[in-house]
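Grab a coffee and open the structure viewer. Here are some exercises to work through, each followed by a solution in steps.

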Amino acid sequence: MRRPWSDVAITECGEPLQSLRGTFLCFEPHPYAKLGAPYGDQGDPFRLRASVIARLVQAQNQLIQHPDPEVGPLQLLVLDAWRPVSVQAFMIEHAIEEECGRRGLNPSQPQWQTALDEVKREVSRFWAPPSEDRSMPPPHSTGAAIDLTLADQRGAALNMGGAFDAIGSESLPDHHASAAKANPNSPEALWHQRRCSLHAAMKQAGFVRHPNEWWHFSHGDQLWAWTVAESIAVYGRVDGDACAAASSSATRSSPSRFT
């Protein structure tokens, strides 16, 4: 399925991937690697393009200045970052299987085909197709997209009113907005406020948010270019061999923590 941003031209800038480890709190064990997703020997998912990491530091600094009303100072918790196309394909199949299980469907039985097609359509709202076409790469395969949430200073993830990677309306960024407006003292109001805080910090640092996912942000990829009306994306697909080539550069030039 093509996205509205799939036609944005890409002029790859060649910027390397660098590690997020040691600079940001990273969720371990990584949820997709734990499932057996095929990252390969050089496939550390906690990597992004160097300039994207610098912007992430800016977002972290914004959060430090705006504590949560219940838990105080906040930090970013990285859930997922770089993702090769092979992992994208693996996780789409996993998401379809999980959603079928949740709905009580048996995808191997012909009578469930219509229901299975509906599951696939719903999953496709949240998971980009694992396209091998380099003119329309999945956002995470560019090293410019990141999934993250908020955590307190002890590293505990905050309740954001919807699980990461959930297939359904609770994943929409403004899902709790109406309930929050109706009752400013409700749990929904707190969840909405936290989603807004995350968005504000990331937007201030130059990121754009995926229209269907409160946790997904990017800078420099096709989605970013389409959202901010730029004619060209600067990050295209980067593969595992490029990760290996960039690892020594990442070690030498990691940005300082939250500066």
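## Exercise 1: Serine 186 and its surroundings

Leaving aside residues up to four places away in sequence, Serine 186 touches Ala179 and Ala180. Keep in mind that this is a predicted model.

**Task.** Work out where serine 186 sits and whether it is buried or exposed.

**Solution.**
- Step 1: Find the residue along the chain. Serine 186 has its place in the loop between α5 and α6.
- Step 2: Check the accessible area. The relative value for serine 186 is 9%, and the cut-off for buried is under 20%, so serine 186 counts as buried.
- Step 3: Try a distance. Serine 186 and leucine 17 are 169 residues apart in sequence, and their C-alphas lie 41 Å apart in space.

## Exercise 2: Reading helix α2

**Task.** Find how far helix α2 reaches from its first C-alpha to its last, then list which of its residues are buried and what they pack against.

**Solution.**
- Step 1: Take the length. Helix α2 covers residues 50-64, which is 15 residues.
- Step 2: Compare the span with expectation. Helix α2 reaches 22 Å, close to the 21 Å expected at 1.5 Å a residue.
- Step 3: Pick out the buried positions. In α2 these are Val52, Ile53, Leu56, Val57, Ala59, Gln60, Asn61 and Leu63.
- Step 4: Recall the helix geometry. With 3.6 residues a turn, an α-helix has residues three or four places apart pointing the same way.
- Step 5: Look at the partners. The strands that the buried residues of α2 pack against are β2 (17-19), β4 (47-49), β5 (74-80) and β6 (145-152), and helix α6 (187-204) is a partner too.

## Exercise 3: Backbone oddities

**Task.** Locate the cis peptide bond, then place aspartate 165 and alanine 229, which have positive phi values.

**Solution.**
- Step 1: Start with omega. Glutamate 28 and proline 29 are joined by a cis peptide bond, with omega about -5 degrees. Proline 29 belongs to the loop between β3 (25-26) and α1 (31-35).
- Step 2: Move to aspartate 165. Its phi is near 70 degrees, positive in a residue other than glycine, and aspartate 165 is in the loop between β6 and α5 (177-182).
- Step 3: Do likewise for alanine 229. Here phi is about 65 degrees, again in a residue that is not a glycine. Alanine 229 lies in the loop between α7 (222-227) and β9 (232-233).
- Step 4: Check exposure. The relative accessible area of alanine 229 is 69%, and exposed means over 50%, so alanine 229 is exposed.

## Exercise 4: Pocket and cavities

**Task.** Describe the lining of the largest pocket, then of the two cavities of 30 Å³ or more.

**Solution.**
- Step 1: Size up the pocket. The largest pocket has a volume of about 330 Å³. It is lined by 15 residues, and the closest to its centre are His94, Glu98, Phe164, Asp165 and Ala166.
- Step 2: Ask which element gives most. The largest share of that pocket's lining, six residues, comes from α3.
- Step 3: Sort the pocket lining by class. There are nine nonpolar, one polar and five charged residues.
- Step 4: Go to the largest cavity, at about 140 Å³. Of its 17 lining residues, Phe126, Trp127, Ala128, Glu213 and His216 are the closest to its centre. By class, this lining has seven nonpolar, four polar and six charged residues.
- Step 5: Finish with the second largest cavity, at about 110 Å³. Of its 14 lining residues, Trp5, Met136, Pro137, Pro139 and Gln222 lie nearest its centre.

How values were computed
Residues are numbered from 1 along each chain as its sequence is written. This is a predicted model: local features need pLDDT of at least 70, side-chain atom pairs count only at pLDDT 80 or more; totals for chains, interfaces and linings use all residues. Side-chain values use heavy atoms; hydrogens and water are left out. Helices (H or I, at least four residues) and strands (E, at least two) are DSSP runs, numbered from the N terminus. The expected span of a helix is 1.5 Å times one less than its number of residues. Buried means under 20% relative accessible area, exposed over 50%, partly exposed in between (1.4 Å probe, protein chains only). Contact means heavy atoms within 4.5 Å. On a 1 Å grid over the protein atoms alone, a cavity is a set of points where a 1.4 Å probe fits but cannot get out, and a pocket is an open set with protein on both sides within 12 Å along at least five of seven lines; lining residues have an atom within 4 Å of a point. Grid points are joined across faces, edges and corners, and a volume is the space filled by probe spheres set on the points. Ala, Val, Leu, Ile, Met, Phe, Trp, Tyr, Cys and Pro count as nonpolar, Asp, Glu, Lys and Arg as charged, and the others, Gly among them, as polar.
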